Amino acid sequence: MRNEPLQAYSLHQRPFQEKRSIYYLLTKEHGVLHGVAKKGIPQFVPLTLFASGKKSLKTLQQVHIAESVPSLMGQQQYAALYVNEITLKLLPVEDSVPIIYEQYGQTMRQLQGVLSRDDLKMVLRAYEQVLFNELGFAIDLDQDCDQYPIEAEPLYRFAPDRGWVKQLESDENLDCAHINASSALLGRSIIGMRSGITTHTVNDWSQIHRQLIDHLFDYQPLQSRILWQQFFRYQ
């Protein structure tokens, strides 16, 4: 890579030298990219820059804000930190993900608006869904883990590594090590989720996405979640 122009967002940074930092970027052209630049590159805003280098750590120059946008405050800021954290930790390095990049930009624009609690949930669930789908973790709403169609009346439990497990009266087929009791949904609720992420289905999507995120992160706490919980605790 030699002085290549890029469009990007800064996901995270850490100090490197007195006047420079290491930046973890989401770029339109190369997905997640690591690079060194002067301190002061902002998060949550579209950037243009030039990158050079053959090694994994690039040199970043001529970094400019592509578009001036309102600052994120309160719960929207913590939501954006959450989006950055899951993006950085789930995406491979230097692997182009144009659909995720576009959805990320749309998510940042939506977070700059006035959002109710349900609106905020829907914005985050929509981003997570694109992320899961592009990474091969799409949630099948049509059939259970045994390849049978989802039925309206039975209760199903979501196992992130298997899919929907139909609740049996004896419970003999449930692997308790992999299935969280709080993830149980009636089949009609799963069928309803096929209509997409709406005010009627967002809580069910939130429940299932939370389980999948926890599974993908090996049940390790997310720093952005901790900060968000602290924010609401002291309101």
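# Briefing on a predicted single-chain model

Five bridges join β1 to strand β4, which spans residues 47-52, and the two run antiparallel. The model described here is predicted, and its chain holds six helices and eight strands. Read from the N terminus, the elements follow the order β-β-β-β-β-α-α-α-β-β-β-α-α-α. The C-alpha trace spans about 65 × 40 × 30 Å along its principal axes, and buried residues account for 43% of the 235 residues in the chain.

**Chain-wide figures**

- The accessible surface of the chain comes to about 12700 Å², and 49% of that surface belongs to carbon and sulfur atoms.
- Of the contacts between residues at least 6 apart in sequence, 57% join residues that are at least 24 apart.

**Strand β1 and its partners**

- In the pairing of β1 with β4, Gln 7 has Thr 48 of β4 as its bridge partner.
- β1 also pairs with strand β2, which covers residues 20-27, in the antiparallel sense and over seven bridges.
- β1 and β2 form a hairpin, with four residues lying between the two strands.
- In general, the strands of a sheet pair through backbone hydrogen bonds, and the pairing may be either parallel or antiparallel.

**Arg 14, a residue of the hairpin**

- Arg 14 belongs to strand β1, which runs over residues 4-15, and in β2 the residue standing opposite Arg 14 is Ile 22.
- Once neighbours within four places in sequence are left aside, Arg 14 is in contact with Ser 21, Ile 22 and Tyr 24.
- With Tyr 24 the contact involves the side chains of both residues, since the side chain of Arg 14 makes a polar contact of 2.7 Å with the side chain of Tyr 24.
- Arg 14 and Tyr 24 are 10 residues apart in sequence, and their C-alpha atoms are 8.8 Å apart in space.
- Arg 14 counts as partly exposed because its relative accessible area is 40%, a value that falls between the limits of 20% for buried and 50% for exposed.

**The sheet of β6, β7 and β8**

- Three strands form an open sheet in the order β7-β6-β8, with antiparallel pairing.
- The edge strands of this sheet are β7, at residues 163-166, and β8, at residues 185-186, each of which pairs on one side only.
- Strand β6, made of residues 155-159, pairs with β7 in the antiparallel sense over four bridges, and Tyr 156 stands opposite Lys 166 of β7.

**Helix α3**

- Helix α3 takes in residues 117-135, 19 residues in total, and reaches 27 Å from its first C-alpha to its last, which is close to the 27 Å expected at 1.5 Å a residue.
- The buried residues of α3 are Leu 120, Met 122, Val 123, Leu 124, Arg 125, Tyr 127, Glu 128, Val 130, Leu 131 and Phe 132, a list that includes the charged-type names Arg 125 and Glu 128.
- An α-helix has 3.6 residues a turn, so residues three or four places apart point the same way.
- Gly 136 follows α3 and has a positive phi, near 90 degrees.

**Nonpolar cores**

- The largest nonpolar core has 47 residues, and those with the most contacts inside it are Ile 86, Tyr 104, Leu 111 and Trp 164.
- The elements that give two or more residues to this core are β1, α1 (74-90), α2 (98-111), α3, β6 and α5 (202-216).
- Helix α3 supplies the largest share of this core, at eight residues.
- Another core, of 13 residues, lies apart from the largest one, and its members include Ala 8, Leu 33, Ile 41 and Leu 47.

**Positive phi outside glycine**

- Most residues other than glycine have a negative phi.
- Asn 3, in the segment before β1, is not a glycine and yet has a positive phi, near 50 degrees.
- Asn 3 is partly exposed because its relative accessible area is 38%.
- Glu 94, found in the loop between α1 and α2, likewise has a positive phi, of about 55 degrees, although it is not a glycine.
- Glu 94 counts as partly exposed because its relative accessibility is 34%.

How values were computed:
Residues numbered from 1 in each chain as written. Predicted model: local features only at pLDDT ≥ 70, side-chain atom pairs only at ≥ 80, totals over all residues. Heavy atoms only, no water. Pairing = 2+ DSSP bridges. Buried < 20%, exposed > 50% of the residue type's maximum accessible area, 1.4 Å probe, protein only. Contact = heavy atoms within 4.5 Å. Polar contact = N/O pair within 3.5 Å; in protein donor to acceptor, adjacent residues only side chain to side chain. Expected span 1.5 Å × (residues − 1). Areas by Shrake-Rupley, 256 points an atom, 1.4 Å probe, with all protein chains shown as cover. Core = buried A, V, L, I, M, F, W, Y, C linked by side-chain atoms within 4.5 Å.
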